[in-house]
Amino acid sequence: MFDMFTSPSKLHNKGIMGMNQRNGGYIGRYNDRKKYPLVDDKLKTKIIAEKAGATVPKLIGVISHQYEVKRIHNMVKQWPGFVIKPAQGSGGKGILVVVSHKDGVYYKPSGASINEQDVERHITNALAGLFSLGGKNDVAVVENLIKFDPVFEGFSYEGVPDIRVIVFQGYPVMAMMRLSTTASDGKANLHQGAAGVGIDIATGKAVRAVQFDKPILHHPDTGKELATLQVPHWNKLLTLASSAWEMTGLGYLGTDMVLDSEEGPMVLELNARPGLAIQIANGAGLLPRLRHIEGLEHSAIYPTPAERVTYSAEQFGNT
């Protein structure tokens, strides 16, 4: 459906939204810039999500200053696995995942080991803004490692998959699952080589899959058939994603969700400038769905997140 040399007119006919249209017609129009800090700072996102009653990965601690960096080893002593991320990082930059550690040796999802100095250097770089939006000084957020839900066995390689849902005016309009691979170093980042699987809004089932923007049928590392993927707790997950509109007041955003084997659906991050690769993963354009929501007329009482999820499933489902 998508090829590298598709003409602009063909893209337009398929309802594909481009970067300029996204920035001017939706992000600029529906997202109040004053509210960006709520989602650009992962620590603030965690706080507002918890206040709204959403489940989030447990916070182990925060490192804000260089003199605190060496505290990291004592901070994670009782935690088998953990994640260090810059509060204002973007695109998966600066995220260090540690699945186990012993005697000052830390193991990444790939099995590669790093030492205490490597961990400290990573945090120092995060504080200096090396991974952050605009290169501003930052803080390092240390979180508990999400427990892999066995239902996704074989669908992801050396990392926990996440679900990106585009939410517009509170309605979930498109979703995809991002599956880590060897190429992505255990991170669910499409630009680094993760696989993207379009997900049917109505059912939580796989629609199609891509890696590096090219269609694939099987996971490149495990050989798992991606068409068999179905996300459990789908309605609950979508309802949680839709409620991000109430949490933030942002009209156009990307919600990144994960499924923890014990806690169920969790809010991982929120994004005021979600990318457009989700259209390639789904083989469908965002514009018709966005324009449909723009054309809705509402009574004085706005639909609840659950009601919005039901409506989106009826309008945008592939079945």
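Which residues does Arg308 touch, not counting residues up to four places away in sequence? The legends below, for a predicted model, begin with that residue and then move to other close-up views.

**Figure 1. Arg308 and its surroundings in helix H11 of the predicted model.** Arg308 lies in helix H11, which covers residues 305-316. Once residues up to four places away in sequence are set aside, Arg308 touches Gln169, Gly170, Tyr171 and Pro172, then Ser242, Ser243, Trp245 and Glu246, and also Tyr302 and Pro303. Arg308 has a relative accessible area of 0% and therefore counts as buried, the cut-off being under 20%.

**Figure 2. The chain as a whole, shown as a frame for the close-up views.** The chain has 11 helices and 14 strands. Its radius of gyration is 19 Å, close to the 20 Å that the globule rule gives for 319 residues, so the chain is as compact as a globular protein of that length. Taken along the principal axes, the C-alpha atoms fill a box of roughly 60 × 45 × 35 Å. Of the 319 residues, 51% count as buried, and among contacts with a separation of 6 or more, 63% are made by residues 24 or more positions apart.

**Figure 3. The largest nonpolar core, with Met177 among its members that touch the most others.** In soluble globular proteins, nonpolar side chains tend to be buried together. The largest nonpolar core of this chain has 61 residues, and those that touch the most other members are Met177, Val197, Val231, Tyr252 and Leu286. Strand E9, residues 171-179, supplies the largest share of this core, with 7 residues. Apart from this core lies another, of 17 residues, which includes Met75, Leu96, Val98 and Val142. Leaving out residues up to four places away in sequence, Met177 touches Phe152, Pro161, Asp162, Ile163, Ala195, Gly196, Val197, Ile199, Leu229 and Val231; two of the residues named above as touching the most other core members, Val197 and Val231, are therefore among the contacts of Met177, contact meaning heavy atoms within 4.5 Å.

**Figure 4. The largest cavity and the residues that line it.** Rolling a probe the size of a water molecule over the atoms shows where empty space is left. The count comes to 1 cavity of 30 Å³ or more, and the largest cavity has a volume of about 40 Å³. Its lining is made up of Lys42, Thr45, Lys46, Val56, Pro57, Glu143, Val267 and Leu268. Helix H4 (42-51) and strand E14 (264-271) are the elements that give two or more residues to this lining, and H4 gives the most, with 3 residues. Sorted by class, the lining of the largest cavity has 4 nonpolar, 1 polar and 3 charged residues.

**Figure 5. Phe131 in the loop between helix H6 and strand E7.** Phe131 is found in the loop that runs between helix H6 (116-127) and strand E7 (140-144). With a relative accessibility of 17%, Phe131 counts as buried, because the cut-off is under 20%. Although Phe131 and Gly89 are 42 residues apart along the chain, their C-alpha atoms are separated by 5.4 Å. Beyond its neighbours within four places in sequence, Phe131 is in contact with Pro86, Gln88, Gly89, Ser90, Lys93 and Gly94, as well as with His122, Asn125 and Ala126.

**Figure 6. Leu250 in the loop between helix H8 and strand E13.** Leu250 is found between helix H8 (244-248) and strand E13 (252-260), and with a relative accessible area of 0% Leu250 is buried. Not counting residues up to four places away in sequence, Leu250 touches Tyr30, Asn31, Asp32, Lys35, Tyr36 and Val39, together with Trp245 and Ala272. The C-alpha atoms of Leu250 and Val167, residues 83 positions apart along the chain, are separated by 9.2 Å.

**Figure 7. Asp103 and His233, two residues other than glycine with a positive phi.** Most residues other than glycine have a negative phi. For Asp103, however, phi is near 50°, and for His233 phi is near 55°. Asp103 lies in the loop between strand E4 (100-102) and strand E5 (105-107), and at 73% relative accessibility Asp103 counts as exposed, since the cut-off is over 50%. His233 has its place in the loop between strand E12 (214-215) and helix H7 (234-242), and at 47% relative accessibility His233 counts as partly exposed.

Key
Residues numbered from 1 in each chain as written. Predicted model: local features only at pLDDT ≥ 70, side-chain atom pairs only at ≥ 80, totals over all residues. Heavy atoms only, no water. Core = buried A, V, L, I, M, F, W, Y, C linked by side-chain atoms within 4.5 Å. Buried < 20%, exposed > 50% of the residue type's maximum accessible area, 1.4 Å probe, protein only. Helix = DSSP H or I, 4+ residues; strand = E, 2+ residues; numbered from the N terminus. 1 Å grid on protein atoms, 1.4 Å probe; cavity = no way out; pocket = protein on both sides within 12 Å on 5 of 7 lines; lining within 4 Å. Points joined across faces, edges and corners; volume = space filled by probe spheres on them. Nonpolar A, V, L, I, M, F, W, Y, C, P; charged D, E, K, R; others polar. Rg over C-alpha atoms; globule rule 2.2 N^0.38 Å.
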